[in-house]
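User: I am new to reading helices. Can you walk me through a case?
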Amino acid sequence: RAPLPKMQYESLQGKTTALRTHFGKPFLLNLWASWCAPCVAELKEFTERAKELRKAGLGVVALSLDTLGTESSTAPAGTRALLEKIAFTEVTNFAAGHANTRLLDKLQIVNDRIFSLRLPLPVPTSFLVDSSGRVAAVYKGAVAVDRLLKDVGTLGAKLETLRSASLPFEGRWHRPPNPLRTYNLIMDLIKKNFLIEAKDLTERSVGELLRDTDYPQLLARLGNEEYERGLVDESITRYREALKLDPKLASAHLNLAVALWQKQEVSNALESYRAAVRYDPRSLKAHQELA
């Protein structure tokens, strides 16, 4: 299951809220808009059957896209008015608020890592998140409460059961599907300029990443990004972490040398340049910098 990166939303009271405050128990992250009829119908069903959802141990975080659109009704007041009309927060005690573009961009990254057919998220879209903050299911379009109750009941099922539940038909596996690599998700975040989120997810996923042979390269890439942003001390620490795992990673030696040279740690920089040349004798830059 893909872990959700660090993200925030604005509560109905205008308070910035971290999504991870809902981690620890399953919840449905629901994206909706007041101008979307299926969204409103979906929220009404969540409200009417809130007791069943609560009994199943499922919460709901309903995030409106109203403040991001161009429709005349897209305003915070419109969101609150609709939720009050159907008594969503009053009856259910579920969370609600407004999404922002950064949150949507990160959810799109997660979606595109899960699915090979990469299309913009429709409205409504919902993510079923397990108690550890990982995406267990993605619903494109309105999702019925009966389906949610069924899926929540399978969150702890064996892998074979989950694979079968993800398909709309019976069949046999020619080969098991490729597992999702958190490494790839972190690299996607880096490429989209979400460095803070990439670093946070790396720290949260160390146990898994230590089993990934590309983990040293990921640490070195994080070091490069930190160095480019002027975080020289942090980049030095990151390069050394990478080299502790892979002492022969020539690119990390080279970039560590550059950072050390900037800090005027001459002897340490020379040592790292020599290591870069030793492990990659064909590196022109390493030879030039060492000279």
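Analyst: We will look at one helix pair, then at one helix and its faces. Keep in mind that this is a predicted model.

User: At what angle do helices H12 and H13 pack?
Analyst: Helix H12 covers residues 232–245, and helix H13 covers residues 250–262. They pack at an angle of about 150 degrees. Their axes are 9 Å apart. Angles over 145 degrees count as roughly antiparallel, so H12 is roughly antiparallel to H13.

User: Which residues of H12 make the contact with H13?
Analyst: H12 contributes Val-232, Ser-235, Ile-236, Tyr-239, Arg-240 and Leu-243. On the H13 side, the residues include Ala-252, His-253, Leu-256 and Leu-260. By type, the contact residues divide into eight nonpolar, four polar and one charged.

User: What is the handedness of the crossing of H12 and H13?
Analyst: H12 passes H13 in a left-handed crossing.

User: Now a single helix. Which residues of H3 are buried?
Analyst: Buried means under 20% relative accessible area. In H3, residues 76–85, the buried ones are Thr-79, Leu-82 and Leu-83. Seen down the axis of H3, they fall within an arc of 95 degrees, so they line one face of the helix.

User: What do the buried residues of H3 pack against?
Analyst: Their partners are strands S4, S5 and S6, and helices H1 and H4.

User: Which exposed residues does the face of H3 turned away from its buried side carry?
Analyst: That face carries Glu-84 and Lys-85.

User: What follows H3?
Analyst: Ala-87 follows H3, and its phi is positive, near 60 degrees.

Conventions:
Residues are numbered from 1 along each chain as its sequence is written. This is a predicted model: local features need pLDDT of at least 70, side-chain atom pairs count only at pLDDT 80 or more; totals for chains, interfaces and linings use all residues. Side-chain values use heavy atoms; hydrogens and water are left out. Axes are lines fitted to C-alpha atoms, for helices over the stretch in contact, and angles run from 0 to 180 degrees between N-to-C directions. Helices (H or I, at least four residues) and strands (E, at least two) are DSSP runs, numbered from the N terminus. Angles under 35 degrees count as roughly parallel, over 145 as roughly antiparallel, 65 to 115 as roughly perpendicular and the rest as oblique. A crossing is left-handed if the near helix is turned anticlockwise from the far one by less than a right angle, and right-handed if clockwise. Contact means heavy atoms within 4.5 Å. Ala, Val, Leu, Ile, Met, Phe, Trp, Tyr, Cys and Pro count as nonpolar, Asp, Glu, Lys and Arg as charged, and the others, Gly among them, as polar. Buried means under 20% relative accessible area, exposed over 50%, partly exposed in between (1.4 Å probe, protein chains only). The arc is that of the directions from the helix axis to the C-beta atoms.
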